[in-house]
Amino acid sequence: PCFYRAFRYEISRSSFPSKPYWDFTLGKTVTKYKNFEDAQRNLIKLNFFTRSMMYTTVTQTKAYEVQNFIAEFGGTTDLLIGISFFTVFQLIELLCTQPAKRKQRDTSPEVVKNPDVVTTMT
């Protein structure tokens with residue numbers, strides 16, 4: 001998984017070294033610079049501080065594993081194939097039973113409004 005940490009930071013600056021620090025400490029130990037102004041132009045002191053000790057960690061994980069995807073895809077495909085087979089069998093049943101119903105209707109006797117007379121079609 002991928003992750004990153006985000007820190008909030010703040011930038012501030014001041015001149016380094018200060019005149020008292022140069023006079024009492026740095027001027028006596030660092031002999032490379034001739035005077036205070038030369039040291040201020042060429043020296044830098046970096047301090048890194050975070051705003052707080054809290055940080056945000058964002059972790060990215062997979063929503064679907066390959067096995068879960070294959071299982072869900074197979075289940076959906078199985079459902080659609082089952083519905084298709086059911087529809088095909090209903091269509092076959094309709095085509096097979098329709099001529100039989102038509103034939104039965106053609107051979108049944110007709111009843112006329114007059115109950116004394118019954119006619120049949122042959």
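This is a conversation between a biologist and a modeller about reading a predicted model of one protein chain.

Biologist: Let's start with the overall layout. How many helices and strands are there in the protein chain?

Modeller: Begin with the elements, then look at their order. Here the chain has three helices and four strands. Reading from the N terminus, you meet them as β-α-α-β-α-β-β.

Biologist: And what share of the residues of the protein chain count as buried?

Modeller: The figure is 6% of the 122 residues. For a residue to be called buried, its relative accessible area must be under 20%.

Biologist: Okay, on to salt bridges. How many does a search of the whole structure find?

Modeller: The search turns up two. To read one, look at who the partners are, how far apart their N and O atoms sit, and where they fall in the chain. Take K19 and D23: they form a salt bridge whose closest N and O atoms are 3.5 Å apart.

Biologist: Where do K19 and D23 sit relative to each other in helix α1?

Modeller: They are four residues apart in that helix, so about one helical turn separates them. As for exposure, K19 has a relative accessible area of 42%, which means it is partly exposed. D23 is partly exposed too, at 34%.

Biologist: Which residue forms a salt bridge with D38?

Modeller: That would be R41, with the closest N and O atoms 3.8 Å apart. D38 and R41 are three residues apart in helix α2, so again the separation is about one helical turn.

Biologist: Is D38 buried or exposed?

Modeller: D38 is buried, because its relative accessible area is 18% and the cut-off for buried is under 20%. Its partner R41 has 64% relative accessibility, so R41 counts as exposed.

Biologist: Now pockets. How much space lies in the largest pocket?

Modeller: About 550 Å³. After the volume, check the lining. There are 16 lining residues, and S12, R13, K45, L46 and N47 lie nearest the centre of the pocket.

Biologist: How do the residues of that lining divide into nonpolar, polar and charged?

Modeller: Eight are nonpolar, five are polar and three are charged.

Biologist: K45 makes me curious about contacts along the chain. How far apart are the C-alpha atoms of S14 and K45?

Modeller: They are separated by 9.6 Å, although their positions lie 31 residues apart along the chain count. When you see such a pair, find each residue's place in the fold. S14 lies in the loop between β1 (2-6) and α1 (19-29). With 63% relative accessibility, S14 counts as exposed.

Biologist: What about F48, in which loop is it found?

Modeller: F48 is in the loop between α2 (36-42) and β2 (56-60). The C-alpha atoms of F48 and Y9 are separated by 8.5 Å, and these two residues are 39 apart along the chain.

Biologist: Is F48 buried or exposed?

Modeller: Exposed, because its relative accessibility is 75% and the exposed class starts over 50%.

Biologist: One last feature, the surface. Which residues make the nonpolar surface patch?

Modeller: With a patch, ask who is in it and how much area they give. This one is made by Y64, V66, F69, I70 and F73, and covers about 580 Å².

Biologist: Where is the place of F73?

Modeller: F73 is in helix α3, which covers residues 66-107. At 54% relative accessibility, F73 counts as exposed.

How values were computed:
Residues are numbered from 1 along each chain as its sequence is written. This is a predicted model: local features need pLDDT of at least 70, side-chain atom pairs count only at pLDDT 80 or more; totals for chains, interfaces and linings use all residues. Side-chain values use heavy atoms; hydrogens and water are left out. On a 1 Å grid over the protein atoms alone, a cavity is a set of points where a 1.4 Å probe fits but cannot get out, and a pocket is an open set with protein on both sides within 12 Å along at least five of seven lines; lining residues have an atom within 4 Å of a point. Grid points are joined across faces, edges and corners, and a volume is the space filled by probe spheres set on the points. Ala, Val, Leu, Ile, Met, Phe, Trp, Tyr, Cys and Pro count as nonpolar, Asp, Glu, Lys and Arg as charged, and the others, Gly among them, as polar. Patches are made of residues with over 30% relative accessible area and no salt bridge: like charges are joined within 9 Å, nonpolar side chains (Val, Leu, Ile, Met, Phe, Trp, Tyr) within 5 Å. Accessible areas come from the Shrake-Rupley method with a 1.4 Å probe; for residues, only the protein chains shown count as cover. A salt bridge is a side-chain nitrogen of Lys or Arg within 4 Å of a carboxyl oxygen of Asp or Glu. Helices (H or I, at least four residues) and strands (E, at least two) are DSSP runs, numbered from the N terminus. Buried means under 20% relative accessible area, exposed over 50%, partly exposed in between (1.4 Å probe, protein chains only).
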